[in-house]
Amino acid sequence: MPSKDHARLDELQRDPYPLYARARRTEGLTFVPELDAWLVARDADVREVLRRPEEFSSVRALLPDVMPSPAALEVLSKGFGKRPTVVSTDGPAHQRHRAPLNRGLSAARIAALVPYAAARAEALVDGFAAGPDGRVELMEAYARKLPGQVIGRLIGFDPVDVPLAVHGGHRAEELLFRPMDPDGQVAAAEDVVALQRLLDEYVRERRQSPRDDLLSGMVAALAPGSGELTLDQRHELVSNLQNFLIAGHLTTTALIGSTLLHLLRDRRQWELICSEPELIPAAVEEAARYDTAVQGFRRTTTRPVTIAGTDLPAGATVFVAYGSANRDEERYERPEVFDITRPLSRQHVAFGHGTHGCPGSQLAREQLRLTLELFAGRLPGLRLDEDKPWPVMRPTLIHRSPEALHLAW
């Protein structure tokens, strides 16, 4: 994508809500050149598309914004090739990829993981709360670390490997969604390959010595049997594990950062959380609704269809905007207002809807809940650091979050 097109895309992604509002008021669907897709903006239309996966396929759900350079592609060729995952499959193939995730993210497994998450959150806060200047950049010190440690524990990583895995996940997102110079692309590709090689080591080790963890469940489900894994099985397992790792920590990182930004931007609501912690579950849902971490996914029509009165041919691309549906005036009262006293409801589509609903939504909610409880209890004087630049959002529709969040207390 040319640089001028990236500038327009960045502007849209940093604040897509004005576009969403116009699209909801416009009859039919709106074609958005920056996305090269028809925008599905109204709540009812978003839900309809998600209820019709046989007509709106997920095969091209995650098209990159940037095509890696030939040099970067050469580096990537030394790693593991892209294979279909739970995000990019339909029907029986989707069910096959999703089944081990559903088992690995069962209510019982999440409940067993929460004490570990709480302990890690306490340790991270201990690392900066006693600092002499009473300041922290929260994204780096906390929001990017806690979800990585939690998802690493769930998958079954050795803690010493979690930083490399988390870094590789961030670099994979950068490589496909951010413009970089040729040397930067090559460096990012090298980090992605390092991650893939690490994941392959884990996959082959779990084949030899299964454990009671999500990784062993994925190996057993996607490569049944006990013999040595074929190269194709290793490619599929690495691709699916990489996808799960990235989805499992980047989305929660985004949710933590955006939630604290909106709470602290409205001092009254932060103080309300501190004085009435019973409002925290409602705050979690309101934050997910108001500024959705995953703003949406693409779908591709498999046949001629009509949606919102717009006729689309087979092969048309639509962007199903969860973030727009969650601010639909037809469904929510004062949808543009962040209000944690809004009646508690999980009827938003922040975590998707239908067959592709996020299997890790409860784990994300638990990490945000315990984060708010911890910060409200230990740092009630928390505020945006007025000596630092006002937070700006990262230019992405995949993991929407502040680029940096400087706080003080």
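**Exercise 1. Charges over rings**

Over the ring of which residue does the charged end of Arg 153 sit?

Solution. The model is predicted. Start at Arg 153. Its charged end sits over the ring of Tyr 116, 4.3 Å from the ring centre. Now go to Arg 327. This residue lies over the face of Tyr 17, at 3.6 Å from the ring centre.

**Exercise 2. A tilted ring pair**

Find how the rings of Phe 157 and Tyr 202 are arranged, and say where the two residues lie.

Solution. Begin with the search of the whole structure, which finds eight aromatic pairs. Take the pair of Phe 157 and Tyr 202: the ring centres are 4.9 Å apart and the planes stand at 50 degrees. Planes under 30 degrees apart count as stacked, and those over 60 as edge-to-face. The angle of 50 degrees fits neither class, so the pair is tilted.

Next, place the residues. Phe 157 is in the loop between α8 (146-155) and α9 (162-177). Tyr 202 belongs to helix α10 (residues 182-208). They are 45 residues apart, and the pair links distant parts of the chain. Both Phe 157 and Tyr 202 are buried.

**Exercise 3. A second ring pair**

Classify the pair of Phe 297 and Tyr 322, then decide for each residue: buried or exposed?

Solution. The ring centres of Phe 297 and Tyr 322 are 6.1 Å apart, with the planes at 80 degrees. An angle over 60 counts as edge-to-face, so that is the class of this pair. The pair links strand β5 (residues 296-301), which holds Phe 297, to helix α15 (residues 322-325), which holds Tyr 322. The two residues are 25 residues apart.

For burial, the cut-off is under 20% relative accessible area. Phe 297 has 18%, so Phe 297 is buried. Tyr 322 has 3%, so Tyr 322 is buried too.

**Exercise 4. Two crossing helices**

Describe how helix α12 and helix α16 meet, and name residues that make the contact.

Solution. First, the axes. Those of α12 (residues 231-265) and α16 (residues 361-378) come within 10 Å and cross at roughly 40 degrees. The two helices are therefore oblique to each other. Their crossing is right-handed.

Then the contact. On α12, the residues include Leu 255, Ile 256, Thr 259 and Leu 263. On α16, they include Ala 364, Leu 368, Thr 371 and Phe 375. Phe 375 turns up again elsewhere: ring pairs link Phe 375 with Phe 128, Tyr 142 and Trp 409 into a cluster.

**Exercise 5. An enclosed helix**

How many of the 10 residues of α8 are buried?

Solution. Nine of the 10 are buried, so α8 is largely enclosed by the rest of the structure. Among the buried residues are Leu 146, Pro 147, Val 150, Ile 151 and Ile 155. After α8 comes Gly 156, with a positive phi near 115 degrees.

**Exercise 6. Positive phi without glycine**

Place Asp 36 and Arg 334, and work out the exposure of each.

Solution. Phi of Asp 36 is near 50 degrees, a positive value in a residue other than glycine. Asp 36 lies in the loop between β1 (30-32) and β2 (37-40). Its relative accessible area is 55%, so Asp 36 is exposed.

Now Arg 334. Its phi is also positive, near 50 degrees. Arg 334 sits in the loop between α15 and α16. Its relative accessibility is 45%, so Arg 334 counts as partly exposed.

How values were computed: Residues are numbered from 1 along each chain as its sequence is written. This is a predicted model: local features need pLDDT of at least 70, side-chain atom pairs count only at pLDDT 80 or more; totals for chains, interfaces and linings use all residues. Side-chain values use heavy atoms; hydrogens and water are left out. Rings of Phe, Tyr and Trp (its six-membered ring) pair if their centres lie within 6.5 Å; planes under 30 degrees apart count as stacked, over 60 as edge-to-face and the rest as tilted. Helices (H or I, at least four residues) and strands (E, at least two) are DSSP runs, numbered from the N terminus. Buried means under 20% relative accessible area, exposed over 50%, partly exposed in between (1.4 Å probe, protein chains only). A charge sits over a ring if NZ of Lys or CZ of Arg is within 6 Å of the ring centre and within 35 degrees of the ring normal. Axes are lines fitted to C-alpha atoms, for helices over the stretch in contact, and angles run from 0 to 180 degrees between N-to-C directions. Angles under 35 degrees count as roughly parallel, over 145 as roughly antiparallel, 65 to 115 as roughly perpendicular and the rest as oblique. A crossing is left-handed if the near helix is turned anticlockwise from the far one by less than a right angle, and right-handed if clockwise. Contact means heavy atoms within 4.5 Å.
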